[in-house]
Amino acid sequence: MPTYVTTPIYYVNAQPHLGHAYTTIIADTYSRFRRLSGDSVRFQTGTDEHGEKIAEAAAKAGSNPREYVDAIAALFQQTWPLLNVQPDYVIRTTDADHIKTVQRILDQVHRQGDIYFSEYAGLYCRGCERFLTDKELVEGKCPDHLVEPEPITEQNYFFRMSKYQDWLIEHIKKNPEFITPERYRNEVLAFLDEPLEDLCISRPTSRLTWGIPLPFDNRFVTYVWFDALINYLTGIGYPDGPLFADYWPVAEHVIAKDILKPHAIYWPTMLKSMGLSPFKRLHVHGYWNVDSTKMSKSLGNVIRPRELVEEYGVDTVRYFLLREMSFGLDASFSYDAILARQNADLANDLGNLFSRSLTMIGKYADQHIPPLHSELLQKSDHEVQEALQTMATTYTAEMNAFRFHRALQAVWEVIGLLNRYIVTNAPWELAKDPEQHQRLQTVLALLGGSLWHIAVVLKPIMPETAAKMAQALGMEEALATAVLRPATPLAPLPAGRGLGEVPQLFPRMEKKKKAASKTARSNQAQAAHGTKKTGPEAQHTGLLSFAQFQALDLRVAQINAAQRVKKSERLLRLSVSAPEERTVVAGIAQSYSPEELIGKKVVLVANLQPAKLMGIVSEGMVLAAKEPLEDGSERLRLLFVDSVMSPGSKIS
Ligand code: ME8
């Protein structure tokens with residue numbers, strides 16, 4: 001099957017930032033995913049280079065528009081390889097074939113009577129490069145650019161957009177997947193409840209020359225949106241190239257909510273007027289904020305993709321962006337959040353699973369994938385096999401629906417399960433008993449096979465990591481040609497395969513020095529103002545006074561109920577009595593199953609400030625010791641107390 005996926009073409013009045021990186025990584029991931037599913041894929045991105053905004057930016061930079069757009073377009077093109085984004089085609093609206101295509105379409109639509117000349121008086125927003133209706137204004141201002149639009153009376157050409165309103169409503173209603181997620185579909189339908197106005201598609205050359213001249217009246221240039229949207233056709237050789245015939249019927253556009261209206265209203269009506277079918281799907285995502293504030297040059301908080309990649313590595317950046325944003329909703333970027341994902345999800349969960357599994361295969365199976373003895377499969381092995389199957393199905397469905405965060409959650413559920421599987425099957429114990437040799441081989445084979453499946457599903461999201469994993473498993477070539485079809489399970493890892501070198505996938509990272517010294521400075525300032533509480537860290541001896549120790553309220557607590565915290569591999573939610581009932585969230589899910597904890601008595605720090613973990617308020621902490629395991633990882637062991645002790649007994 002063919003797949004055609006596009007990003008918006010970005011304005012060259014600003015340098016690439018986190019928002020551009022996100023949309024383009026999404027489109028790249030989706031194209032890699034469709035390729036992995038066996039499709040032939042065309043992935044296009046590019047730059048939008050005409051219009052007032054660009055002419056103004058060039059003038060401000062003291063440059064002529066042509067030189068200016070060349071320089072910024074190059075910056076965009078240099079960014080994609082850094083992000084491991086591999087478009088098949090990069091279009092620029094200043095390309096000669098694009099200009100020809102726009103003029104050809106204008107001519108056609110004009111000839112058939114869908115473009116007319118008229119005078120228009122209205123309120124014009126330079127930022128939006130369009131006239132705004134009264135209804136769109138908030139307190140008299142453009143809600144996006146926060147400026148009062150200028151009253152302008154002008155003669156211009158108009159596209160009969162209103163003519164296609166009923167058709168468009170019908171099409172959106174009949175095709176639930178046309179605009180997703182649903183909130184944006186509803187937003188468009190609500191907008192279409194009101195009569196649609198025709199679209200002004202020209203600008204007089206007295207006001208703007210940096211645009212494509214109208215083929216039927218050279219006193220005007222084309223409105224930038226009428227020019228820009230057509231890029232999706234030019235790039236695949238409209239009207240008669242072979243690519244066009246294959247790819248247009250399956251076009252999927254990825255955009256953010258800021259440009260919903262041009263894509264969901266102007267574009268389908270333009271296509272209808274040209275006699276073309278509409279695109280197949282429009283995927284609309286939310287906005288990235290930074291530390292919960294709008295990202296903007298004036299606030300100095302613009303995040304540059306190059307700096308992020310230099311600091312964290314390309315796969316961490318790709319993983320973070322896809323995992324952290326629920327597609328369709330806004331998300332907030334912060335350095336703390338990316339560091340937390342790097343250390344918890346990548347270094348700890350995936351990185352540890354990979355290194356401990358491969359280290360054990362190296363140590364106990366002589367660097368070769370051992371055979372799996374199916375007659376020896378136990379309950380925990382079947383659980384792993386079923387989980388892998390569920391992962392493939394859920395992952396495929398979620399990736400197809402552009403719910404990348406959910407696809408990743410499905411993969412991390414299996415990673416969590418495998419980490420627990422290692423602990424419960426303790427290969428290092430099996431290795432001590434020669435009678436358990438085949439069992440040991442089975443456990444190791446299952447671990448190796450699972451890692452192979454994980455590498456395959458991670459390939460579209462983290463291509464470098466997937467390649468490293470496959471190389472270590474001796475499956476480098478197989479990864480290059482792997483096809484994922486959830487109905488046909490992936491072949492198991494062939495036994496006897498020699499392992500390659502085991503690389504570290506993700507290092508644990510410390511908080512940036514800059515940030516740390518900022519914290520230190522603020523602590524000093526707080527101490528100087530007497531606002532910082534004196535805690536153990538303020539005591540230079542490092543020793544606690546007896547009074548400080550006594551301040552800790554340690555109690556015996558009985559665990560009455562335990563359950564996994566949804567969407568978390570590490571957390572269990574415990575109901576304990578000490579003696580009053582309270583909820584405690586503990587990071588022990590990789591060491592204990594909920595069932596084995598019921599009725600157990602543990603040590604509770606009862607006077608900790610409550611903290612919210614995954615939306616659950618935890619009222620205290622249960623104590624556990626870290627037990628180092630032979631493979632270099634750690635297991636948590638709770639401090640259990642004697643069952644005769646009553647809940648609530650004070651420990652001192
Ligand atoms: O609108 N969060 O170009 P543009 C997430 N040329 N995504 C963001 C973002 C943010 N904070 N900021 C920008 C244009 N984006 C037109 C498009 S298409 C025919 C013409 C991304 O440079 C997001 O994809 O302003 C958004 O839709 C796009 O950049 C706007 O890019």
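**Domains and strand pairing in the predicted model**

The C-alpha centres of domain 1 and domain 3 are separated by 55 Å. These belong to a set given by the domain assignment of the protein chain: domain 1 (2-285), domain 2 (308-481), domain 3 (513-549) and domain 4 (552-651); such bounds come from an automatic or database domain assignment. The model is predicted, and local features need pLDDT of at least 70, side-chain atom pairs count only at pLDDT 80 or more, and totals for chains, interfaces and linings use all residues. Residues are numbered from 1 along each chain as its sequence is written, while side-chain values use heavy atoms, with hydrogens and water left out.

To follow the strands, two terms help. Helices (H or I, at least four residues) and strands (E, at least two) are DSSP runs numbered from the N terminus, and two strands pair if DSSP finds at least two bridges between them.

An open sheet of 6 strands, with parallel pairing, follows the order E3-E2-E1-E12-E13-E7. Its edge strands, each pairing on one side only, are E3 (89-92) and E7 (179-180). E7 runs parallel to E13 (residues 281-285), with 2 bridges joining them, and Ile 179 is found opposite Leu 282 of E13.

Further along the chain, E17 (residues 554-564) pairs with E18 (residues 572-577) in the antiparallel sense over 6 bridges. E18 is also joined by 6 bridges to E19 (residues 581-586), again antiparallel, and a hairpin of 3 residues links E18 to E19. Arg 573 in E18 offers a handy landmark: Gln 563 stands opposite Arg 573, and the bridge partner of Arg 573 in E19 is Val 585.
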